[in-house]
Every structure is written in C-alpha cells, then in structure tokens.
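Me: Please take a close look at one part of this model, the ligand site, along with the cysteines linked to it. A plain, connected account will do.

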Amino acid sequence: MAEAAELLAAARAARAHAYAPYSGFAVGAAVRAESGRIYAACNVENAAYPVGTCAEAGAIAAMVAAGERRVVEALVVAESPQPVTPCGACRQRLREFADDATPVHIAGRAGVVVTLTLATLLPHSFGPQHLPNAIREIDP
Ligand code: THU
C-alpha cells in the first residue's frame with residue numbers, strides 16, 4: 001500500500017491546515033491524478049455555514065487548476081472514532097473525474113482502514129455519460 005501511504009501523507013499535511021472553527025472537525029483529502037501527481041486539501045469552513053467546503057472539493061479543484069482531469073485514486077482522512085467516508089456531495093464531485101473502479105481509501109489515526117471503490121460509495125451514479133450532448137473540453 002505504498003501509493004496509499006503517499007496519499008495519506010499528503011492528506012495529513014493538508015489536514016493540519018484545516019479551517020474548521022465551527023465543527024472542530026478537521027479533514028484532509030488527497031487525489032492522485034493521471035500524471036501521478038498528488039493534489040491535497042483540507043476543509044475550509046465559513047461563518048455562513050453552507051458556504052464551507054469539504055477537503056475533497058479543494059483537492060479536486062487543485063487538480064483541475066493544475067490542468068488535470070482524471071482522478072485515479074483518492075483518500076480522505078479524519079480522526080473521528082468512526083472512519084470518515086466522503087459526504088454525498090463529494091462522492092458526486094469525485095464521480096465527475098473518476099470511474100466506478102477508482103479506489104477511495106478511508107483513513108483515520110492509525111492509517112488506511114478500508115479501501116472502497118467509487119461505485120460502492122455511489123452506486124448507479126449520474127455522471128458525464130448521461131449528458132452526451134454536453135460541450136466538454138476533453139483535453140485541458
Ligand atoms: N467534511 C469534509 O471535509 N469531507 C467529508 O467528506 C466529510 C465532511 C468536513 C465538512 C465540515 O467542514 C466538517 O467536515 C464537518 O462536517
């Protein structure tokens with residue numbers, strides 16, 4: 001699980017910067033893009049609560065901003081007693097750039113606890129394939 005270890009280190013480093021004064025719940029996330037590069041982020045809350053963003057959203061945004069469009073592996077880390085899986089909205093965010101088979105590692109204090117596929121987290125998902133007429137830039 002050497003590759004997951006790299007993702008875990010990146011997600012933990014980002015988590016250390018989490019801005020979560022309202023929930024007190026720090027989350028880190030990392031995605032590995034097609035190039036092999038890793039993009040990581042933390043949750044960023046807001047006084048207007050719904051405006052806050054999840055760690056996964058930040059990691060995906062960083063990947064897209066760097067010119068990449070494919071997530072080949074993802075990881076989310078928190079330190080709650082129960083391992084934290086991506087929220088529903090973040091499952092959909094991952095779906096945009098990942099496949100059913102993409103591994104999503106769930107990590108806690110002791111490291112990766114379980115690895116699930118995106119399809120397990122978000123079965124029968126709605127995705128880009130449902131919008132065949134969409135104007136998509138395939139290559140950044
Ligand atoms: N959070 C994430 O960053 N990712 C998840 O997958 C679950 C929840 C954040 C959002 C909020 O800042 C805090 O955790 C508590 O919900």
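To start with a cysteine: does C42 count as buried or exposed?

Reply: The model is predicted. C42 has a relative accessibility of 13%, so it counts as buried, the limit being under 20%. There are zero disulfides in the structure. C42 accordingly belongs to none, and its nearest cysteine sulfur, on C54, is 11 Å away. C90 is likewise in no disulfide; here the nearest cysteine sulfur is that of C87, at 3.7 Å. A pair of cysteine sulfur atoms counts as a disulfide within 2.5 Å, so the 3.7 Å between the sulfurs of C90 and C87 does not qualify. C90 is also buried, because its relative accessibility is 0%.

C54 and C87 lead to the ligand, since both are among the residues that surround it. The others in this shell are S23, F25, V27, N43, E45, A55, E56, T85 and P86. By class, the shell comprises six nonpolar, three polar and two charged residues. The charged ones are E45 and E56.

Three side chains of the shell make polar contacts with ligand oxygen atoms. For E45, a polar side-chain atom is 2.5 Å from a ligand oxygen. The side chain of E56 places an N or O atom 2.6 Å from an oxygen of the ligand, and for the side chain of N43 the corresponding distance is 2.9 Å. On its own the ligand would expose 370 Å², of which the protein buries 77%. The space that the ligand takes up is the largest pocket.

Conventions:
Residues numbered from 1 in each chain as written. Predicted model: local features only at pLDDT ≥ 70, side-chain atom pairs only at ≥ 80, totals over all residues. Heavy atoms only, no water. Near = heavy atom within 4 Å. Polar contact = N/O pair within 3.5 Å; in protein donor to acceptor, adjacent residues only side chain to side chain. Areas by Shrake-Rupley, 256 points an atom, 1.4 Å probe, with all protein chains shown as cover. 1 Å grid on protein atoms, 1.4 Å probe; cavity = no way out; pocket = protein on both sides within 12 Å on 5 of 7 lines; lining within 4 Å. Sits in = over half its atoms within 2 Å of the grid points. Buried < 20%, exposed > 50% of the residue type's maximum accessible area, 1.4 Å probe, protein only.
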